[in-house]
Amino acid sequence: MKHIQKLSLKVFNEFETISETSIYQPLEADQLIDNNASPLSLPARKSRFKILTSKILKIFSPSPSVNKSSVFTTALALLITQPLWRNIILKTNSMRTKFVEITQQVANMYGLSLDSHDLELLEKDCERSSSLKALARKAHLLGEEQIKQVQCLLLDELQRPPITSSLTVSYSSGHTHLDLVTRYTKYKVHALEPTGRIIFQSQQNKGTCSIRTRTSIFPDTRGVIGQRQVWADQEKTLVGSYSGELNTTHHILEQILCTLQLTEQDVLIQNQAEASQDLCLLFTSLYAWTDFELICQQRESIQSLNNKYLQTQNGTYRLRLLYMNIPLNIWSRLPKPGETGAILQDLNDQSLIWLTYRVAQKLKLPLPPLEQWTKQLDNPYDDFFRAEHQRLAIIDAFRLYKMDLLPFLTTRKEPIALILHTLLSDRRPDGKKLRGMDTLLYLNELTKFLGIFHHKNSEQALHRSSAAKAADQAQFALTRLQKAPFLPGQSSEDEQHLFEVLYSLYLLKEEPELHQLMGTGESEHFQASLTRNPEIRRYLLV
């Protein structure tokens, strides 16, 4: 690894190069960075005096007349003024034509008329003024909710082209290349018929916009936000999948359909059927305990489909759905309320029982209690109180059983035994506590060994899931380079430093583009999130 002379990451889509960065001698202290992409701008902090002054001025400043035309024009101008958005929606003739069609449809919904000539005039006016701050101030005065509604309609039908991250590693003896492709998909379950037939629609190279309004914040209105997958080896190897919150049964179904990449075909969900194979999927949410309601909603939605049967044209799958919550937020470092903390720990331990049993099966380890507990959890009592009492009793028994299991795992030579020991003990091999980002990295290796899909999600599919996505890409790239997985607390200092370089490249050079493609606007949202989510910064070289 010390022979690496240069790392280069080029991020591009079918229309343009988004960023291109080269780092010379990445394992040396005096790295030389050649960055052809514009750096992230750190937001200036306003003083309390400035904030107070602005509030006073707003009270005495005259309010502009609010009408449909001014709201629509401001929302459109906010998009056109930003260079990135201009490149996406107006770069080619076909893209311009499509955006004009969308704009005309939205304008008609508001009782307005708009043609391509009006759009050209607005574009020229935006290029002359190009004041985002002035437009943002006007949007605030007109009503941000109405502006967001218009932007949501304008962006929701836009194409989301695949983004390729091409990594080149230069040695004295040659070069190594690795291409990772991020693809957007848009699945929407419209209905679940009494017969079990799922009525759904899927679109490739599109994605549900992350802009939230009062009319689109309710579940089931627009489908899962920001569904995207990362592929390698010419889209033969799935690196990871990511999305926004999954708080309804429809959302879970949409993500399952996305994982299987099913198109509009006859798909049934049944309570009983003959399964040809199991479909194992671990859902990992990245919420803080303050998002307890979202965690409970996702757990209930997953449980409503667990152990059911999905009938497709390719075969019948028995759904084995697991759920864990791994916080990345700053709240994870603070004490949790007693009952809340206990419920969240029960949630993770229940999934660890099943994962431990599958590892024991693979390694042919004699662990008889796990099989019995797994069968009982898969076939709970019909009565809720009896089922809940049984579930908690099994979790308590498993925690006692771990006292004997952990010393046994230390005697095993298989690498997966060490990974399982780390997850069960909640301690890294170097003795440090296992925290959010490190837990995700160990879970990645465990699910890969077991052949389980591992999906990460967080609210609106933004910074936390983006950090998980960057970590997955960096871990995958490093594994390809050194032919061994990167595991915090076990890997060498050079390997960790190289992981930090890769993680920073993938997060800072690819994700800001994704954030803006998802409709989040400017980079200060991302910068502020680094403070709220310290686990994102754990391996970030900034």
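**Exercise 1. Classify Glu371 by accessibility, then find its salt-bridge partner.**

Solution.
Step 1. Glu371 has 37-rule status "partly exposed", because its relative accessibility is 36%.Step 2. Lys375 is the partner, with the closest N and O atoms 3.5 Å apart.
Step 3. Both residues lie in helix α11 (residues 368-378). They are four residues apart, about one turn of the helix.

The model is predicted.

**Exercise 2. Describe the overall make-up of the chain.**

Solution.
Step 1. Count the elements: the chain has 18 helices and 13 strands.
Step 2. Take the burial: of 542 residues, 54% count as buried.
Step 3. Take the surface: the accessible area comes to about 25,700 Å². Carbon and sulfur atoms hold 51% of that area.
Step 4. Look at the contacts with a separation of 6 or more: 72% of them join residues 24 or more positions apart.

**Exercise 3. Find what the salt bridge between Asp349 and Arg399 ties together.**

Solution.
Step 1. Check the distance: the two side chains meet at 2.7 Å, N to O. The cut-off for a salt bridge is 4 Å.
Step 2. Place the ends: Asp349 lies in helix α10 and Arg399 in helix α12, so the pair links parts that are 50 residues apart in sequence.
Step 3. Classify each end. Asp349 is buried, because its relative accessibility is 2%. Arg399 is partly exposed at 27%.
Step 4. Set the pair in context: the chain's salt bridges number 20.

**Exercise 4. Examine the salt bridge of Lys448.**

Solution.
Step 1. The partner is Glu445, and the closest N and O atoms are 3.5 Å apart.
Step 2. Both residues belong to helix α14 (residues 436-450). Three residues separate them, about one turn of the helix.
Step 3. Glu445 counts as buried, because its relative accessibility is 8%.
Step 4. Elsewhere, salt bridges that share partners join Arg428, Asp430, Asp438, Glu535 and Arg538 into one network.

**Exercise 5. Describe how α9 packs against α10, then how α12 packs against α13.**

Solution.
Step 1. Choose the descriptors: two packed helices are described by the angle and the distance between their axes.
Step 2. For α9 (residues 292-303) and α10, the axes come within 12 Å and cross at roughly 35°. The crossing is left-handed.
Step 3. List the residues in contact: α9 brings Phe292, Ile295, Arg299 and Gln303. From α10 come Thr340, Ile343, Leu344, Leu347 and Gln350.
Step 4. For α12 (residues 384-410) and α13 (residues 415-425), the axes come within 10 Å and cross at roughly 145°. This crossing is left-handed.
Step 5. List the residues again: α12 supplies Phe398, Lys402, Leu405, Leu406, Leu409 and Thr410. They meet Ala417, Leu420, His421, Leu424 and Ser425 of α13.

**Exercise 6. Locate Leu502 and list its contacts beyond its sequence neighbours.**

Solution.
Step 1. Leu502 sits in helix α16 (residues 493-517).
Step 2. Leu502 is buried, because its relative accessibility is 0%.
Step 3. Outside the four places on either side in sequence, Leu502 contacts Leu7, Leu167, Ala474, Ala477 and Leu478.
Step 4. Gln475 is 27 residues from Leu502 in sequence, with 8.4 Å between their C-alpha atoms.

**Exercise 7. Place Trp331 and name the surface patch it helps to make.**

Solution.
Step 1. Trp331 is in the loop between β12 (315-325) and α10 (338-363).
Step 2. Trp331 counts as partly exposed, because its relative accessibility is 37%. Patch residues need over 30%.
Step 3. Ile330, Trp331 and Leu334 make a nonpolar surface patch of about 270 Å².

Terms used. Residues numbered from 1 in each chain as written. Predicted model: local features only at pLDDT ≥ 70, side-chain atom pairs only at ≥ 80, totals over all residues. Heavy atoms only, no water. Patch = residues over 30% accessible without salt bridge, like charges linked within 9 Å, V, L, I, M, F, W, Y side chains within 5 Å. Areas by Shrake-Rupley, 256 points an atom, 1.4 Å probe, with all protein chains shown as cover. Helix = DSSP H or I, 4+ residues; strand = E, 2+ residues; numbered from the N terminus. Buried < 20%, exposed > 50% of the residue type's maximum accessible area, 1.4 Å probe, protein only. Axes fitted to C-alpha atoms, helices over the stretch in contact; angles between N-to-C directions. Left-handed = near helix turned anticlockwise from the far one by under 90°. Contact = heavy atoms within 4.5 Å.
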